[in-house]
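Here are some worked exercises to try with the model open in your viewer. Have a go at each task before reading its solution.

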Amino acid sequence: MSRPSLVVHGHFYQPPRLDPFTGTMPRDRTAAPAHDWNERISADCYRANAELGNLGAISWDLGPTLAGWLQDGDRVAYRGFVDGDRGVNGMAQPFHHPILPLASAADRRTEIRWGVRDFEFRFGRRPTGMWLPETAVDLDTLRLLAGAGITHTVLAPWQVDGGPVVDTRRPVRIDLGEGASILAVLYDEGLSTAISFDPSSTVDADAFVRERLMPPFESDVDEGGFAVIATDGELYGHHQPFRERFLARLVGATAPVDRPYATPSLLDAIAAAEADGLPTAGLRERTSWSCHHGVARWMTDCPCDSDGSWKTPLRAAFDRLAGGIDTATDHIAASLPSAPDPWVARDAYVDVVIGAASRDSFVGNVLGHEAAAAAGRTLIDLMDAQRWRLAMFASCSWFWDVPDRVETASALRAAIRAARLIDSLADTDLERRLIDDLRLVEGETADGAGLALMAMGAVGAATAPNIDRPENPSARGLRATG
């Protein structure tokens, strides 16, 4: 008789909060008594789970921008992830947490490559799994994952053919064409939803097992089973205080020795399922786990929001800025010694961002070690512009009902930083054009240009964006809609 198996997956991620002008974390009074929300959430959740050993008992993915902060900001928590990987538990994540189906092909490749490289650097192995931001997915994205050596990801049950009634106890194989495929592990909707949104269900782990986990298995326990619970990792201790103890009792150090289920790693559970053969399923493209309206939540009006009309003009402003930055990048790179391919260089620049390589060594590898110092500075500024131009597309900027939030403020700072770097290199006018476009973004307290000014003021930026100029006549009285 085989026992059913349970795997808990935690998606650990925080919006990027670094000031792109100083590289430091600004104080956020709303996180008091902590210095900022990273520090507060880490104390509530990451460190608490590390100290209990939970990170060695569950499957997880750790956002690269969060990992970069943890490395120095909370070394106990960081070490908990590094030690907890154990060669099987960690999954990679695209670097800046963008909605990949809304990104260009080049940006998707870079975000995936940066995420894979960051994982390699921190955990000393190539990742085999990758968590997609918001599990937002399409076939083109899955093909890029497979091309990067990724064998599996985690999806919601409604993201594949069969809808919510699909059998989630076995992974499914998604055909990518030309002989390629990737595995999708489908999480259990009922269990995951209960843990995420019903705090009463996680008060008592033994009751959760008795009343929620085991009943579905009782009719076929002889055949075993494979249940995956997937939630935000911050739930265990931050969103729901002290739930790190629930997790430890469910699958970790304080779980009963006679528990009626096995707790394999996700990789071992996949291997066991593959041995019996896996079904093939079609993908429901441009879907996600947190919105049943596809990827609309991150681009336009969506029934999940009271008013999402600001989202389309914000994305359009960033898309236009990205196009200007990319055009300038091609021209500037062509003027550098040996005319390097800027997109190959951008993929490699992740080593500088994560501290795996120095700026000098990067410049030497790209331009040659005899390149003039001025050319090296130009290359670094160009790559920094690309770094922040990627960062401005972090998904959290579009998730909420209004743009008057710290997440959008962070994206606006990243956009302005990228624009200023290019303007200083190429005598372009990207920042002014960005501010003009942001006037079409209607917030509760100001339009997008005003929000940009407030975002810069919040970090004490030396120079605020130039918004004191004649109004754009085409924007007068216009309310943009999705």
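**Exercise 1: strand β2 and its neighbours**

Keep in mind that this is a predicted model. Strand β1 (residues 2-12) runs parallel to β2, and four bridges join the two. Your task: work out which strand joins β2 besides β1, and whether the faces of β2 are covered or not.

Solution.
- Step 1. Start with the β1 pairing: Phe12 has Leu62 of β2 as its bridge partner.
- Step 2. Look for another partner. Strand β3 (residues 90-91) is joined to β2 by two bridges, and this pair runs parallel. Here Gly90 of β3 stands opposite Trp60.
- Step 3. Check both faces of β2 (residues 59-62). Ser59 and Asp61 lie on one side, Trp60 and Leu62 on the other, and all of them are buried, leaving both faces covered.

**Exercise 2: walking along helix α1**

Find out where α1 bends, what caps its start, and which elements its buried residues pack against.

Solution.
- Step 1. Get the span. α1 covers residues 37-52, 16 residues in total, and reaches 22 Å from first C-alpha to last, close to the expected 22 Å at 1.5 Å a residue.
- Step 2. Don't let that span fool you into skipping the axis: α1 has a kink of about 50°, centred on Ala43.
- Step 3. Go to the start of α1, where a side-chain oxygen of Asp36 comes to within 3.0 Å of the backbone nitrogen of Asn38.
- Step 4. Go to the other end: Gly53 follows α1, with a positive phi near 80°.
- Step 5. List the buried positions: Asn38, Ile41, Ser42, Cys45, Tyr46, Ala48, Asn49 and Ala50. As a reminder, an α-helix has 3.6 residues a turn, so residues three or four places apart point the same way.
- Step 6. See what they pack against: β1, α2 (64-73), α3 (75-85) and α8 (243-251).

**Exercise 3: how enclosed is α8?**

Decide how many residues of α8 are buried, and what covers them.

Solution.
- Step 1. Pick out the buried residues of α8: Arg243, Glu244, Phe246, Leu247, Ala248, Leu250 and Val251.
- Step 2. Draw the conclusion. Seven of the nine residues of α8 are buried, so the helix is largely enclosed by the rest of the structure.
- Step 3. Find the cover, which includes β1, α1, α6 (189-197) and α7 (205-213).

**Exercise 4: the open sheet**

Determine the strand order of the three-stranded open sheet and say which helix packs on it.

Solution.
- Step 1. Read off the order, β4-β6-β5, with mixed pairing. β4 (152-155) and β5 (172-177) are the edge strands, each pairing on one side only.
- Step 2. Take the twist, which averages 35° from one strand to the next.
- Step 3. Inspect the β5 pairing: five bridges join β5 to β6 (residues 180-186), running antiparallel. Gly177 stands opposite Ala180 of β6.
- Step 4. Add the helix. α5 (residues 139-147) packs on this sheet and touches β4, β5 and β6, its direction making about 95° with that of β5.

**Exercise 5: one histidine**

Is His152 buried or exposed, and which residues does it touch?

Solution.
- Step 1. Place it: His152 sits in strand β4.
- Step 2. Apply the cut-off. Buried means under 20% relative accessible area, and His152, at 3% relative accessibility, therefore counts as buried.
- Step 3. Check polar partners: the side chains of His152 and Thr151 make a polar contact (3.0 Å).
- Step 4. Leaving out residues up to four places away in sequence, His152 touches Met91, Thr128, Gly129, Met130, Ile182, Leu183, Leu266, Leu267 and Ile270.

Terms used
Residues are numbered from 1 along each chain as its sequence is written. This is a predicted model: local features need pLDDT of at least 70, side-chain atom pairs count only at pLDDT 80 or more; totals for chains, interfaces and linings use all residues. Side-chain values use heavy atoms; hydrogens and water are left out. Buried means under 20% relative accessible area, exposed over 50%, partly exposed in between (1.4 Å probe, protein chains only). Two strands pair if DSSP finds at least two bridges between them. The expected span of a helix is 1.5 Å times one less than its number of residues. The bend at a residue is the angle between axes fitted to the seven residues ending there and the seven starting there. Contact means heavy atoms within 4.5 Å. A polar contact is a pair of N or O atoms within 3.5 Å; within protein, one must be able to donate a hydrogen and the other to accept it, and residues adjacent in sequence count only if both atoms are side-chain atoms. Axes are lines fitted to C-alpha atoms, for helices over the stretch in contact, and angles run from 0 to 180 degrees between N-to-C directions.
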